[in-house]
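Subject: Structure for your review

Dear colleague,

I am handing over the structure we discussed, and I would be grateful if you could look through it alongside the notes below.

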Amino acid sequence: MIRTRRNPNCNGRYYNDAFDFMDDMLGNFWGTGLESTSNMRTDVIEEADDYKLITDLPGFTKSDIGISLKEDILTITASHKDADNKDADNKDAEPKYIRRERVQNSYERSFRVENVTAEDISASYENGVLTVTIPKKQPVEPETKKIAIS
């Protein structure tokens, strides 16, 4: 007979192994360090002429995603619309949920960029992947001026 343990702090799950129990319990307590970005993981790629931010945002539409630039901070936001609000004309009809796992969430991620204007930045969203392209600014070489000696 296998004894199982239930951890009320871990969504009431049962465990056959004490080590799995401890890993889950301590993982929930300490966290993984990626909680704030776990749903908005982003790759930053440097290319010859620009930087690319590639973010996985499955399940979103273009209208759910916002990109803004304020004081050298580029912010990407994504927010799911509530599935129940799709039929605004029929407010009395509530769906009878047996189980509901899809919830309304919003995510935000910010990046520091320098010497870039909003007009320089381009973005595309295809198949659940957002690609933001930020051009590199070429350093301006100072002009040498000759000074006449009197």
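The notes below cover the sheet, the core and one residue of strand S9.

This is a predicted model, in which local features need pLDDT of at least 70 and side-chain atom pairs count only at pLDDT 80 or more, while totals for chains, interfaces and linings use all residues. Residues are numbered from 1 along each chain as its sequence is written, and side-chain values use heavy atoms, with hydrogens and water left out.

Three strands (DSSP runs of E, at least two residues, numbered from the N terminus) form an open sheet in the order S5-S6-S7 with antiparallel pairing, where pairing requires at least two DSSP bridges between two strands. Strands S5 (65-70) and S7 (106-112) are the edges, each pairing on one side only. Strand S6 (residues 73-79) is joined to S7 over 7 bridges, and Thr 75 stands opposite Ser 110 in S7.

The largest nonpolar core (buried Ala, Val, Leu, Ile, Met, Phe, Trp, Tyr and Cys residues joined through side-chain atoms within 4.5 Å) has 17 residues, and Leu 57, Val 132 and Ile 134 have the most contacts inside it. Two or more of its residues come from each of S6, S7 and S9.

Thr 131 lies in strand S9 (residues 129-135) and is buried, with a relative accessible area of 19%, buried meaning under 20% (1.4 Å probe, protein chains only). Beyond its neighbours within four places in sequence, Thr 131 is in contact (heavy atoms within 4.5 Å) with residues including Lys 52, Ile 54 and Ser 122.

With best wishes

Methods. Helices (H or I, at least four residues) and strands (E, at least two) are DSSP runs, numbered from the N terminus. Buried means under 20% relative accessible area, exposed over 50%, partly exposed in between (1.4 Å probe, protein chains only).
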